[in-house]
Amino acid sequence: MLRLYPGRVVTDLVQIRRLGEKKREENLRFRRHIKSHNFVERQFRRVAEQVQEQIDCRRCGECCRVTEVQIAGRDVDRLARFLRISTKTFLEQYTARDEEDTLVLRRSERGCVFLYGNECSVYEARPGNCERFPHLLRGAGSIQSRMWRFVDRATYCPIVYNWMEAVKELTKFRL
Ligand code: SF4
Ligand code: SF4
């Protein structure tokens, strides 16, 4: 069983960016490695749980700075209720449309409109996509089928970066 010691976990965001980009090609090969073998998903989930236990998202917030958040109707209702405004006002003030005309949270130069420092100001009512991010433990289909998303996420999310490194070791991935 793989052991993740706290000292091995990288959380510095500058380092994550540098290492994640440097390993992009390697991580694409790793994705093919995962897809071409019959690994048991449970072991990947166990590693993800271990990594998540060691990383405090409240001290990071990088996904809120980097990514665009798609929202659903129920997110709009919940957030409008939380902010005590009408859904119409919420839509006008806090949402935008992306290139594919999908509803997303509005962004400013510091990232998501609701991000203050590293903290989410609507945490209790945050959209489902934020709750599930980085979609290692929660997402549609198996972890193996979601691998295509993780190569990019490993360039900014400490959870994904450290998880991928640990799983490489676990699966004896040869570079
Ligand atoms: S709603 Fe909160 S958790 Fe979601 S991206 Fe914005 S700041 Fe981050
Ligand atoms: S999900 Fe990843 S990028 Fe987002 S706050 Fe947590 S560790 Fe940081």
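Throughout these legends, a residue is called buried when its relative accessible area is under 20%, exposed when over 50%, and partly exposed in between (1.4 Å probe, protein chains only). What you see is a predicted model, in which local features need pLDDT of at least 70 and side-chain atom pairs count only at pLDDT 80 or more, while totals for chains, interfaces and linings use all residues. Residues are numbered from 1 along each chain as its sequence is written, chains are lettered from A and ligands numbered from 1 in the order in which they are written, and side-chain values use heavy atoms, without hydrogens and water.

**View 1. Ile-143, Gly-20, Met-147 and Tyr-156 are buried residues.**
Start with Ile-143, which has 0% relative accessibility and therefore counts as buried; this residue belongs to the loop between α7 and α8. (Helices are DSSP runs of H or I with at least four residues, strands are runs of E with at least two, and both are numbered from the N terminus.) From the C-alpha atom of Ile-143 to that of Arg-174, 31 residues away along the chain, the separation is 20 Å. Gly-20, in helix α1 (residues 13–22), is buried as well at 0% relative accessibility, and its C-alpha atom is 16 Å from that of Val-51, 31 residues apart along the chain. Met-147 in helix α8 has a relative accessible area of 1%, so Met-147 is buried. The C-alpha atoms of Met-147 and Phe-39 are separated by 13 Å, with their positions 108 residues apart along the chain. Tyr-156 comes from the loop between α8 and α9 and is buried with a relative accessible area of 6%; its C-alpha atom is 10.0 Å from that of Thr-11, although the two are 145 residues apart along the chain.

**View 2. Phe-90 and Tyr-94 form a tilted ring pair.**
Searching the whole structure turns up seven aromatic pairs. In this one, the ring centres of Phe-90 and Tyr-94 are 5.4 Å apart and the planes meet at 35 degrees, so the pair is tilted. (Rings of Phe, Tyr and Trp, the last by its six-membered ring, pair if their centres lie within 6.5 Å; planes under 30 degrees apart are stacked, over 60 edge-to-face, and the rest tilted.) Both residues belong to helix α6 (residues 87–94), four residues apart, or about one turn of the helix. Phe-90 is buried, with a relative accessible area of 0%. Elsewhere, Phe-39, Phe-44, Phe-150 and Trp-163 join in one aromatic cluster.

**View 3. Two arginines place their charged ends over tyrosine rings.**
Arg-126 has its charged end over the ring of Tyr-123, 3.8 Å from the ring centre. Arg-110 does likewise with Tyr-116, at 4.6 Å from the centre. (The criterion is NZ of Lys or CZ of Arg within 6 Å of the ring centre and within 35 degrees of the ring normal.)

**View 4. Ligand 1 has a nonpolar shell.**
Around ligand 1 are Cys-64, Val-69, Leu-105, Cys-112, Phe-114, Leu-115, Cys-120, Val-122, Pro-127 and Cys-130, each with a heavy atom within 4 Å. By class, the shell holds ten nonpolar, no polar and no charged residues. (Ala, Val, Leu, Ile, Met, Phe, Trp, Tyr, Cys and Pro count as nonpolar, Asp, Glu, Lys and Arg as charged, and the others, Gly among them, as polar.)

**View 5. Ligand 2 has a shell that includes Phe-133 and Pro-134.**
Other residues around ligand 2 include Cys-57, Cys-60, Gly-61, Glu-62, Cys-63 and Cys-157. The shell has nine nonpolar, one polar and one charged residues, and α4 (62–66) and α9 (158–170) each contribute at least two residues to it. Phe-133 and Pro-134 are joined by a cis peptide bond, with omega about 10 degrees. Pro-134 lies in the loop between α7 (128–132) and α8 (147–153).

**View 6. Arg-84 and His-135 have positive phi values.**
Most residues other than glycine have a negative phi. Arg-84, in the loop between α5 (73–83) and α6, has a phi of about 55 degrees and is exposed, with a relative accessible area of 76%. His-135 has a phi of about 65 degrees, lies in the loop between α7 and α8, and counts as buried at 9% relative accessibility.
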